[in-house]
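Colleague: I am new to this model and should be grateful for a close look at one part of it. Please choose a single residue, describe its surroundings, and then place them in the whole.

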Amino acid sequence: MWVTSRPVIPVRTASGKPSAQALAQMDKRWRIRYLMLAPHRLGFFLAMVVLVASGLWWALVQLDRSTAWLGLHYAVSPTLVHSAVMAFGFIPLFFSGFLFTAGPKWLGVEPLPVQDLRVPLVSQAAGWLLWLAGAHLHAAVAWAGLALAGAGLVWMTVQFWGRIRRSQAQDQLHARAIGAACMVGCASLAGLWLSLVFGAHAAARAWIFTGLWGFVVVVYVTVAHRMIPFFTSSAMPMVQAWRPFWVLWLMLAAAGLQVLAAWLELAGVPSSASGAAWLLVHGTLQLVVGGVLVWLAWVWGLVQSLKNKLLAMLHIGFLWLGVAFLLGGLSQWLSVTLGIGVLALGALHALTMGCLASLMLAMVTRVSCGHSGRALVADRIAWSLFWCLQAAALLRIAAAVPGIAGLPWPWLLPLAAGLWAATMGAWGVRLGRWYGCLRADGRPG
């Protein structure tokens with residue numbers, strides 16, 4: 001009969017102090033100072049604060065729009081506030097946790113001390129909370145919040161470029177693409193601020209789309225190109241890591257096309273004499289890109305990944321990117337041929353809620369598990385939250401189809417917003433606790 005003994009955890013180090021493992025077992029409480037133990041802790045926690053706050057705020061806005069129960073006053077267009085915080089609010093804070101943890105490893109440089117990140121990251125979080133408050137209090141409060149958030153993003157971008165400049169690594173393409181995207185994000189926030197101050201709301205919308213596609217999507221597809229094939233081949237040796245650079249250039253060009261489309265729309269090209277031709281060209285290009293991305297999702301191991309829930313979340317999230325382009329292209333063709341743009345908002349939310357949010361949930365969950373001493377698996381809670389997110393995305397896309405969000409389903413939009421808020425709230429509270437506690441395995445970080 002075999003007797004398996006439990007590993008002995010050293011209680012004291014040579015200096016007489018409690019060992020890391022013993023300290024982790026003794027102190028299980030959440031402490032704010034533990035947020036400073038690693039870059040991802042501070043960045044992810046602040047991102048969760050903005051994510052949960054913005055989700056709850058938007059759900060209340062949708063409830064008030066449907067019922068007028070709350071009687072909310074708006075100093076700034078709530079649609080504009082929602083668009084900006086969804087594009088620039090919590091996502092760059094999630095980026096910070098990844099870029100200052102994995103980024104130095106890519107570049108072969110020393111990581112930045114967490115203390116150096118405190119001011120730029122807290123500035124962004126505080127700025128976006130002011131932005132939400134200013135939507136109801138006064139436009140000047142919203143502008144001040146936007147300026148504070150923009151200053152924090154500029155500071156963070158300078159710090160990341162500092163890591164790049166110190167690097168001697170031969171392969172810096174992914175890091176430099178991300179650094180360039182961050183610069184686009186800074187310019188977009190500055191443009192948004194100026195547009196709001198001068199009352200140019202159409203230009204403000206163009207700057208938001210510039211930041212969404214030229215900053216957020218570029219970072220996402222760059223990281224996806226580097227990491228998804230690597231994660232897949234590591235978890236499933238039968239799937240070979242395949243990431244030719246033409247795939248990355250295609251995705252970057254597709255993002256640039258969408259930025260161009262936003263500014264051509266501002267210039268009035270779609271409504272001009274040659275507008276129909278542009279819409280057909282734009283729609284065709286989107287359909288082609290969407291088809292290639294769906295094929296790429298298949299090649300990267302979408303079907304095989306379904307055996308590993310955490311990996312499947314990444315692949316399903318990437319699949320949404322192809323779906324978003326397909327819906328966008330179809331919308332352009334229907335606009336020209338039938339005179340109705342039935343899927344434009346649906347394509348946008350397939351991108352934001354389907355692709356970006358799914359990849360965010362998958363990647364942040366993976367990093368948080370690995371850096372908190374937990375197994376790299378999607379447990380029942382994470383898997384359930386992921387599918388709640390998919391349901392919210394489908395509800396929002398359905399609500400974008402004319403006639404569906406009206407009678408007999410007037411609650412479709414509030415339901416999608418409420419499900420989003422509940423899902424992100426549960427996820428944020430769960431992982432937010434991890435960031436303020438010591439690692440379960442007692443290791444540093």
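**A histidine and its helical surroundings**

Modeller: Apart from neighbours within four places in sequence, His 349 is in contact (heavy atoms within 4.5 Å) with Gly 354 and Arg 396. The model is predicted, so local features need pLDDT of at least 70 and side-chain atom pairs count only at pLDDT 80 or more, while totals for chains, interfaces and linings use all residues. Residues are numbered from 1 along each chain as its sequence is written, and side-chain values use heavy atoms, with hydrogens and water left out.

His 349 belongs to helix α14; helices here are DSSP runs of H or I with at least four residues, strands are runs of E with at least two, and both are numbered from the N terminus. The relative accessible area of His 349 is 10%. This residue is therefore buried, a term that means under 20% relative accessible area, with exposed meaning over 50% and partly exposed in between (1.4 Å probe, protein chains only).

Arg 396, one of the two contacts of His 349, leads to helix α15, where Arg 396 is among the buried residues. Others buried in α15 include Trp 383, Phe 386, Gln 390 and Ile 397. The buried residues of α15 pack against α13 (309–337), α14 (344–370) and α16 (412–435). Helix α15 covers residues 380–399, and its 20 residues should span 28 Å at 1.5 Å a residue, the expected span being 1.5 Å times one less than the number of residues. The end C-alpha atoms of α15 lie 29 Å apart, which agrees.

Ala 68 offers a contrasting setting. This residue sits in the loop between α2 (39–67) and α3 (78–89) and, although not a glycine, has a positive phi of about 60 degrees. With a relative accessible area of 56%, Ala 68 is exposed.

Turning to the whole, the protein has 16 helices and 0 strands. Of its 445 residues, 53% are buried. Among contacts with a separation of 6 or more, 76% join residues 24 or more positions apart. The C-alpha trace spans about 80 × 50 × 50 Å along its principal axes. The radius of gyration, taken over C-alpha atoms, is 23 Å; this agrees with the value near 22 Å for a compact globule of 445 residues, by the rule of 2.2 Å times the number of residues to the power 0.38.
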